[in-house]
Amino acid sequence: MKQIIINESDAGQRLDKYLNKLLKDAGKSFIYKMLRKKNITLNEKKADGSEHLKAGDEIRIFFSDETFEKFAGKPEPVKPVSVSRQAIQKLPPVKIIYQDDDVMIVNKPSGLLSQKAAADDISLNEYLLQYLLKKGKVTKESIQTFRPSICNRLDRNTSGIVTAGITYRGARELSRLLRERSADKRYLALVKGVIRKPEQLRGYLIKDEKENKVSIVPQQTEGADPIETDYIPLGDNGRMTLLEIHLITGKSHQIRAHLSSIGHPVIGDNKYGEESVNGWYHRTYHGHYQLLHSWKLSFPNEACQLENLAGKTFKAALPENFLTILSQEGFLKNGNLEQ
């Protein structure tokens with residue numbers, strides 16, 4: 001017999017989904033059969049698989065050790081993150097803004113992928129998993145049934161706030177708050193041209209999967225998703241404007257493409273930006289990344305089931321190159337940017 005006590009990381013999952021991950025080579029129909037026959041029990045009682053697990057729950061699996069190992073299969077390997085010296089020099093360290101038992105909030109540097117695009121990629125997900133393993137927050141055994149992961153993504157060349165669930169409870173609630181737009185996200189962007197009035201932009205976004213690029217159209221079109229982007233100008237120097245952006249919908253490349261579509265592309269954006277402006281930025285400030293930063297994240301008071309986050313606002317410090325250009329171009333003189 002195998003006895004398993006549910007820990008905080010796995011709490012909140014449905015029993016059947018937990019068993020599917022624990023006994024990944026068994027098959028769903030076999031697991032349901034074992035539940036019906038009481039060869040798998042929950043807290044010494046018959047279960048149908050729909051039960052939501054709580055910390056401290058006991059699962060008993062009445063298999064021989066050989067049978068259990070056969071159905072559990074080989075543990076998924078955790079590969080160490082190997083980064084070349086050049087990559088380390090180019091990428092600033094990931095900074096932890098906040099951490100508790102359920103969640104992490106980090107400041108992602110520009111140039112680092114949020115999630116892998118290819119097998120050999122280095123991403124924020126791998127960094128965070130290695131950090132949690134090193135700190136003993138998770139083990140190689142515990143991540144077989146729940147693997148901590150980020151809950152929102154930023155483009156490779158966008159910096160700022162990324163959230164991650166350490167436990168199933170944390171990941172589920174963060175994902176819900178972000179999906180329902182209960183959590184308020186604010187970005188900072190330095191854009192071409194002068195903008196003096198706040199505005200709410202609306203449009204429709206079409207994604208070209210093959211080119212990994214989007215376009216914005218004013219009218220509903222087949223395959224297009226409606227988008228909304230609010231912005232407030234925080235100041236300009238006659239050539240550029242610093243915007244605070246409220247992302248109401250959250251589509252891929254939305255901010256960059258939406259601003260470009262109205263003639264105010266993000267400076268340093270090689271995909272949607274203006275070549276002459278980007279050229280000046282590269283020559284003058286040796287910038288490699290677009291000046292777009294996920295700046296603030298505010299959680300609601302009542303709708304948030306993560307007690308430690310309810311009603312709180314978190315900020316991610318701007319990258320050094322972003323601060324340098326803001327300082328040199330006169331944006332910090334009037335205290336129009338609250339750090």
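Is Asp-155 buried, partly exposed or exposed in this protein? Before turning to that residue, it helps to know that the model is predicted, and to look at the protein as a whole. Its chain forms nine helices and 14 strands, and the C-alpha atoms fill a box of roughly 75 × 45 × 40 Å along the principal axes. Of the 339 residues, 45% are buried, while the surface that the protein exposes comes to about 17,900 Å², with carbon and sulfur atoms supplying 47% of it. Among the contacts with a separation of 6 or more, 64% are made by residues 24 or more positions apart.

The answer to the opening question is that Asp-155 counts as partly exposed, at 23% relative accessibility. The side chain of Asp-155 meets that of Arg-256 in a salt bridge, with 2.8 Å from N to O. This pair links distant parts of the chain, for Arg-256 belongs to helix α7 (residues 254-261) and Asp-155 to the loop between β6 (149-150) and β7 (159-165), 101 residues apart. Unlike its partly exposed partner, Arg-256 counts as buried, because its relative accessibility is 7% and buried means under 20%.

Arg-256 also takes part in a salt bridge with Asp-269, at 2.9 Å from N to O. Asp-269 lies in the loop between α7 and α8, so this pair ties together parts that are 13 residues apart in sequence. With a relative accessibility of 0%, Asp-269 counts as buried. Elsewhere, Glu-44, Glu-58 and Arg-60 are joined into one network by salt bridges that share partners.

The count of salt bridges comes to 16, and another of them lies within a helix: the side chains of Arg-176 and Glu-173 meet at 2.7 Å, N to O. These two residues are separated by about one helical turn, because they are three residues apart in helix α6. Both Arg-176 and Glu-173 are buried.

After helix α6 (168-179) comes a loop that leads to β8, and Arg-181 is found there. Although Arg-181 is not a glycine, it has a positive phi of about 65°, and its relative accessible area of 36% makes it partly exposed. A positive phi also appears at His-286, which is not a glycine either and has a value of about 55°. His-286 follows α8 and is placed in the loop between α8 and β13 (292-298), where it is exposed, with a relative accessible area of 60%.

Helix α8 (residues 275-285) itself has buried residues, namely Val-277, Asn-278, Gly-279, Tyr-281 and Tyr-285. These buried residues pack against β8 (184-192) and α9 (320-328).

Among the strands, β11 (residues 225-236) contains Pro-233, which is buried, with a relative accessible area of 17%. Leaving aside residues up to four places away in sequence, Pro-233 touches Ile-195, Arg-196, Lys-197, Pro-198, Thr-241, Leu-242 and Leu-243. The C-alpha atoms of Pro-233 and Ala-189 are separated by 9.7 Å, with their positions 44 residues apart along the chain counted as the distance apart.

The last stop is the charge on the surface. The protein has 52 positive and 42 negative side chains, and the centres of these two sets lie 2 Å apart. Lys-33, Arg-36, Lys-37, Lys-38 and Lys-46 form a positive surface patch. One of them, Lys-37, is found in the loop between α2 (28-36) and β2 (40-42), and Lys-37 is exposed, with a relative accessible area of 52%.

Notes: Residues numbered from 1 in each chain as written. Predicted model: local features only at pLDDT ≥ 70, side-chain atom pairs only at ≥ 80, totals over all residues. Heavy atoms only, no water. Helix = DSSP H or I, 4+ residues; strand = E, 2+ residues; numbered from the N terminus. Buried < 20%, exposed > 50% of the residue type's maximum accessible area, 1.4 Å probe, protein only. Contact = heavy atoms within 4.5 Å. Areas by Shrake-Rupley, 256 points an atom, 1.4 Å probe, with all protein chains shown as cover. Lys, Arg positive; Asp, Glu negative; His and termini not counted. Charge placed at Lys NZ, Arg CZ, Asp CG, Glu CD. Patch = residues over 30% accessible without salt bridge, like charges linked within 9 Å, V, L, I, M, F, W, Y side chains within 5 Å. Salt bridge = Lys/Arg side-chain N within 4 Å of Asp/Glu carboxyl O.
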